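Please find below a short note on the structure, set out as numbered points. It is written for a reader who is new to structural models.

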Amino acid sequence: MMTHTLQTPSDGVIGDYVRSHESFLKELDSEQPSWLRSIRSSGIAHFSEQGFPGTDQEKWKYTNLASLRKTCFPPVAGSEISEEQRVEILSRIPEKLEGERLVIVDGVHCGSLSERSNNLKFQFLPFSSMVKNSDNRVDSYLGRHIRHDQNPIVALNSAFIREGVFLEMPSGLQIEQPLHIFYVDTGKKSGSAVHLRHLFIAGSNSRVEIFEHYISLNESHGFTNVVTEVFVGENASLEHIKWQDQNRTSYHISNLAVAQESGSRFTSHSISTGAAISRNDIHIKLVGERTESFLYGLYLGRGNQLVDHHTVVDHLKPNSESEEIYHGILCEKSHGVFNGRIHVHSEAQKTNAKQSNRNLLLSRDSWIDTKPELEIYADDVRCTHGATVGQMDEQAVFYLRARGIPEPAARRILVGAFAGEITQRIPLASVRQSLQSYLLEELSRIPLEICSR
Amino acid sequence: MSSETLLEINKLKAGINGQAILKGIDLTVNAGEVHAIMGPNGSGKSTLAQVLVGREEYEVSEGKVTYQGKDLLDMSVEDRAREGVFLAFQYPVEIPGVNGTYFLRAAYNEQRKYRGEEELDAVDFLALVKEKMKVLELPPTLLQRPVNEGFSGGEKKRNEIFQMAVLEPTLAILDETDSGLDIDALKTVAEGVNKLKNSRNAQIVITHYQRLLNYIVPDFVHVLYDGKLIKSGGRELALELEERGYDWVVAEASSTAALAS
């Protein structure tokens, strides 16, 4: 006779998440608005039904979340920071980066570290304060372009939704100063999770630049789950720079969904240098005509890091242009994954889509899985794509050495230049410089002279 | 002899992947001299240039190269450059993302550091570069671009000579600098090289054709054939080679060899 073990939601890690969710809800203020309550409960329902994705799913074929799946990461709800930590946090802000700043520490907005002016002509607020003030604008946008019934990690984010940044640019407002969102993991509660939910809405003809920066203060073992929804209105321009530099024992999973109206421009710079396992999903829907989208990415892997980028550009309407350039630098035993999909729907005539992914493998044990995916249902389009995997150009190394530049410096110059082709596109000088000096320092630590195959 | 000996090559034998290419080269180059090395394809001209600058793929099996009294073959690639040995590449390498000025300043300062001199800052270096650009009639945009990236053949060669002008080598080796140049570009490059010539430095001009030597006038012409210098002479030898080809030199050399054995 066979015995059956029934897998109920209360079993195992999923069950732990369900219980963790119950206590999360209890801890929350009782005046939880009903719309938020329903998002949270449907989030946990979908997550417990689906669980974490496994490598049997095509989208997760190369990124194994087994270690993340092993234990439950309960939500962390803010930390008191010491004077020492405050100094360190401030020191990590790129020099000369001025403007509005929202700092989130261990999942909770930290007012004392943020920089906020009065009488702003636009909304730039922590999610939590909007909920507290019964500001329900969030509700009308939340989940419009990213649905948690199809993505268990987004569902998990919805279940524990609590903090994030709400940005709303009124029509016609163009601001010069960038907006800075700074996320700090103090590592105080190792083994815990932070689920951030951002909403960026750029009204028609508005213009804004956003710099999102993720760091950790020490080597704790945390899970950061970010879901960002972006709405770019007609003829608006939104430039998004994300630098994920969390510690290399943590997990970082991010889902960015963008909808672009006619004549709009969206630029994404995705820089991944941190986390043990990081996964960035970017999904751009070109719902209007004559849009422009630029996706730039740079990933640096060393140690045992796994860096995964999955991007989708959905060309739904005619006359739009998209350009995607991702560069990967993989050292030691790191593993990179790049999957770039361009989907040109039948209506999207005169689409011009370009995609390129270039990878430098700087050790015998480094690895990259790169895959372009083109799906084209319109006949009058221009689509190009290319992926390269290679080692350092030894002819170039020799050329530099033959001019007197020492070999290690020559190799650093070349890797730096490869990274520079992406970093130089970052419009904020302070961020660009801070990133470039970071890369230079990191590259000086890696023994590049023995990296050639 | 009044002038200083810069380079002395003795019985140099070298090859690649076990295949012998240079089969015993002897050559002495003094300060103030221009030597042309000519020869048909595959005779070993470029190998000689590569061995002198230290390309690791080539193995030196025998012989000695003394440069300014030092064992050249014992020096690293970088040190040869810092000691003033310069190769104008036959195929200059494109280096995307590396700004031309940045690259050249790094190279220039490496040499200064090596000589114990103070490094030049960006402002002073730019002044130096502007002066040298005028001499070579180069478009200033050339250096704002990444090194050689998207350059035409002529631009690449001019950029090599420009680097030579900035780095002021003691021994410059020009490897097929004329290949791929039209006559105007050739003249500009040659004029640049001539302006850099002085009594303390020397140039080795490697070429397949005589035409470059109309503009860079050599003191000595050597014929390299099958890994050996089989004939040396003055400028007139180059003209004779142009007219009669290489066969007669080869024939002459083999009969001399036959007589000797």
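The points below begin with chain A as a whole and then turn to particular residues and pairs.

1. Overall form of chain A. The model under review is a predicted one. Chain A contains ten helices and 19 strands. Its C-alpha trace extends over about 70 × 60 × 55 Å along the principal axes. The radius of gyration of chain A is 22 Å, which agrees with the value near 22 Å that a compact globule of 453 residues would have.

2. Interior and surface of chain A. How much of chain A is buried? Of its 453 residues, 58% are buried. When contacts between residues at least 6 apart in sequence are considered, 84% of them in chain A join residues at least 24 apart. The exposed area of chain A is about 18200 Å², and carbon and sulfur atoms supply 46% of that area.

3. Charges of chain A. Chain A carries 47 positive and 56 negative charges, and the mean positions of the two sets lie 2 Å apart. Side chains of opposite charge can pair when their charged atoms come close. Over all chains, the whole structure holds 41 salt bridges. The next three points examine individual pairs.

4. A pair within helix 10 of chain A. A:Arg445 and A:Glu442 form a salt bridge, with their closest N and O atoms 3.1 Å apart. Both residues belong to helix 10 of chain A (residues 429–445), where they are three residues apart, about one turn of the helix. An α-helix has 3.6 residues a turn, so residues three or four places apart point the same way. Are the two partners buried or exposed? A:Arg445 counts as exposed because its relative accessibility is 54%, above the 50% limit. A:Glu442 counts as buried because its relative accessibility is 8%, under the 20% limit.

5. A pair within helix 2 of chain B. B:Asp79 and B:Arg82 are joined by a salt bridge of 2.8 Å, N to O. These residues are also three apart, about one turn, and both lie in helix 2 of chain B (residues 77–82). With a relative accessibility of 23%, B:Asp79 is partly exposed, whereas B:Arg82, at 14%, is buried.

6. A pair that joins separate parts of chain B. B:Glu176 and B:Lys45 meet through their side chains in a salt bridge of 3.8 Å, N to O. Which parts of chain B does this pair tie together? B:Glu176 lies in the loop between strand 7 (171–175) and helix 6 (183–196), while B:Lys45 lies in helix 1 (residues 45–53), so the pair links parts that are 131 residues apart in sequence. Both partners are buried: B:Glu176 has a relative accessible area of 9%, and B:Lys45 has a relative accessibility of 5%. B:Glu176 deserves a second look, since its phi is positive, about 50°, although it is not a glycine.

7. Another positive phi. A:Asn235 also has a positive phi, of about 55°, and is not a glycine. This residue is found in the loop between strand 8 (223–232) and strand 9 (237–245) of chain A. A:Asn235 is partly exposed, at 40% relative accessibility.

8. Helix 8 of chain A and its cover. Helix 8 (residues 394–401) is mostly covered, with six of its eight residues buried. The buried residues are A:Ala396, A:Val397, A:Phe398, A:Tyr399, A:Leu400 and A:Arg401. What covers them? The cover includes helix 9 (407–423) of chain A and, from chain B, helix 1, helix 2, helix 3 (100–114) and helix 5 (153–167). A network of salt bridges links A:Glu394, A:Arg401, A:Glu407, A:Arg411, B:Glu56 and B:Glu78.

9. The surroundings of A:Arg137. A:Arg137 is located in helix 6 of chain A (residues 137–141), and its relative accessible area of 28% makes it partly exposed. Which residues does A:Arg137 touch, not counting those up to four places away in sequence? They are A:Gln123, A:Met130, A:Phe166 and A:Glu168. A:Glu168 is 31 residues from A:Arg137 along the chain, and the C-alpha atoms of the two are separated by 9.8 Å.

Notes. Residues are numbered from 1 along each chain as its sequence is written. Chains are lettered from A and ligands numbered from 1 in the order in which they are written. This is a predicted model: local features need pLDDT of at least 70, side-chain atom pairs count only at pLDDT 80 or more; totals for chains, interfaces and linings use all residues. Side-chain values use heavy atoms; hydrogens and water are left out. A salt bridge is a side-chain nitrogen of Lys or Arg within 4 Å of a carboxyl oxygen of Asp or Glu. Helices (H or I, at least four residues) and strands (E, at least two) are DSSP runs, numbered from the N terminus. Buried means under 20% relative accessible area, exposed over 50%, partly exposed in between (1.4 Å probe, protein chains only). The radius of gyration is taken over C-alpha atoms; the globule rule is 2.2 Å times the number of residues to the power 0.38. Contact means heavy atoms within 4.5 Å. Accessible areas come from the Shrake-Rupley method with a 1.4 Å probe; for residues, only the protein chains shown count as cover. Lys and Arg count as positive and Asp and Glu as negative; His and the chain ends are not counted. The place of a charge is taken as NZ of Lys, CZ of Arg, CG of Asp or CD of Glu.
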